[in-house]
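I wanted to see where empty space is left inside this protein, so I opened the model and kept notes as I went, on the principle that rolling a probe the size of a water molecule over the atoms shows such space.

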Amino acid sequence: MRASVALHLFGIVALLFASGCTAGVATLQPATVRGAGEVEASAGLAVHVPVENTAALLKTAIDGVKNNYATNPNYAPTESDRAAFGKAAVGLFFNPPAAQTEFAGRVGVGKKIDLGIRLSGRALHLQGKWQFLDGSASKGWDGALVLGAFGQVYSTDVTVSDFTVASYATSHIGGDASVLFGKKYGDYGFFWAGPRYQIQRTAAAITVLNGVGLDVSTGSHLFGAVVGGAVGYKYVYFMAELTGGYVACKPEVLGTTYNVGGTLLVPAFGLLGRF
């Protein structure tokens with residue numbers, strides 16, 4: 001019975017993973033700040049690829065079809081099958097693949113500080129950037145510290161033929177820090193790279209038709225790095241960036257602790273305007 005309940009709950013989670021737990025990892029900004037009164041705006045797309053979790057779900061699905069259902073259409077999943085599916089679904093819920101829009105705006109409030117706001121998917125980020133290394137005079141390296149906090153609250157119902165079969169609510173809060181080093185190439189472009197860290201707390205509640213519910217809450221940490229660049233002229237640039245790292249996450253679901261961390265890759269691209 002316990003495994004059956006878990007299977008139904010995790011099945012719903014798997015269906016909902018696209019709206020799951022990512023709050024945005026891409027930076028999409030150079031290692032320079034805006035001067036007092038100057039503004040910066042950007043729009044882009046970031047694709048989150050949790051390598052191991054995606055591979056685990058695909059392997060579970062392919063093995064199940066190839067080894068079981070293909071040879072026996074009446075095959076009934078075993079406890080081992082349910083456990084493998086449950087682990088894959090939990091992994092994708094807490095570290096899901098996703099493609100999400102990135103919109104941001106920044107304004108300079110001093111010679112070395114700017115403040116910004118970013119909408120990453122459904123998550124709202126507030127950021128501050130301090131330039132501790134200015135290479136403009138010597139055409140050397142720039143350096144900036146970026147600190148941010150973010151939050152997201154989301155809820156929805158799963159309906160079939162206008163009938164609600166499940167309800168789902170989730171919230172995410174956290175913070176991040178990046179140290180960006182880079183160069184500015186006149187009016188023609190930028191290069192940036194550096195380490196990146198993010199901490200996040202996720203809480204979720206799922207209730208299915210028969211009243212069975214699941215409440216989970218866990219923390220996760222991203223340890224990674226980012227490299228990116230922009231090409232354009234004076235006011236408008238095209239950006240491309242890659243963030244990679246390891247996500248540490250061990251949620252407890254129905255009394256079982258799952259290690260659902262792993263490698264995360266986040267390619268991103270977009271347009272940057274600086275005025």
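These are my entries on a cavity, the strands around it and a pocket.

**Entry 1: the model.** I noted before anything else that this is a predicted model.

**Entry 2: counting cavities.** I looked up the cavities of 30 Å³ or more and found 3 of them. I picked the second largest cavity, whose volume is about 120 Å³.

**Entry 3: its lining.** Which residues lie nearest the centre of the second largest cavity? I found Thr27, Leu28, Ser42, Ala104 and Arg118 there, out of 17 lining residues. Next I checked which elements give two or more residues to that lining, and these are strand 1 (39–50), strand 2 (98–108) and strand 3 (113–120). Strand 2 gives the most, with 5 residues. Sorting the lining of the second largest cavity by class, I got 6 nonpolar, 7 polar and 4 charged residues.

**Entry 4: strand 2 with strand 3.** I followed two of the lining strands further. Strand 2 and strand 3 form a hairpin, with 4 residues between them. Their pairing is antiparallel and runs over 7 bridges. I was pleased to meet two familiar names here: Ala104 has Arg118 in strand 3 as its bridge partner, and both are among the residues that lie nearest the centre of the second largest cavity.

**Entry 5: the two faces of strand 3.** Which residues of strand 3 are on the covered face, and which on the uncovered one? I read Asp114, Gly116, Arg118 and Ser120 as covered, while Ile113, Leu115, Ile117 and Leu119 make up the uncovered face. Arg118, the partner of Ala104, is thus listed on the covered face.

**Entry 6: on to strand 4.** I then looked at what else strand 3 pairs with. Strand 4 (residues 123–133) runs antiparallel to strand 3, and 8 bridges join them. Ile117, from the uncovered face, stands opposite Leu126 in strand 4. The hairpin of strand 3 and strand 4 has 2 residues between the strands, and in this hairpin Gly121 takes a positive phi near 65°.

**Entry 7: the largest pocket.** Last, I turned to open space. How much space lies in the largest pocket? I noted about 460 Å³. The pocket is lined by 19 residues, with Thr32, Asp134, Ser136, Asp142 and Lys184 the closest to its centre. By class, the lining of the largest pocket holds 10 charged, 7 polar and 2 nonpolar residues.

Note on methods: Residues are numbered from 1 along each chain as its sequence is written. This is a predicted model: local features need pLDDT of at least 70, side-chain atom pairs count only at pLDDT 80 or more; totals for chains, interfaces and linings use all residues. Side-chain values use heavy atoms; hydrogens and water are left out. On a 1 Å grid over the protein atoms alone, a cavity is a set of points where a 1.4 Å probe fits but cannot get out, and a pocket is an open set with protein on both sides within 12 Å along at least five of seven lines; lining residues have an atom within 4 Å of a point. Grid points are joined across faces, edges and corners, and a volume is the space filled by probe spheres set on the points. Ala, Val, Leu, Ile, Met, Phe, Trp, Tyr, Cys and Pro count as nonpolar, Asp, Glu, Lys and Arg as charged, and the others, Gly among them, as polar. Buried means under 20% relative accessible area, exposed over 50%, partly exposed in between (1.4 Å probe, protein chains only). Two strands pair if DSSP finds at least two bridges between them.
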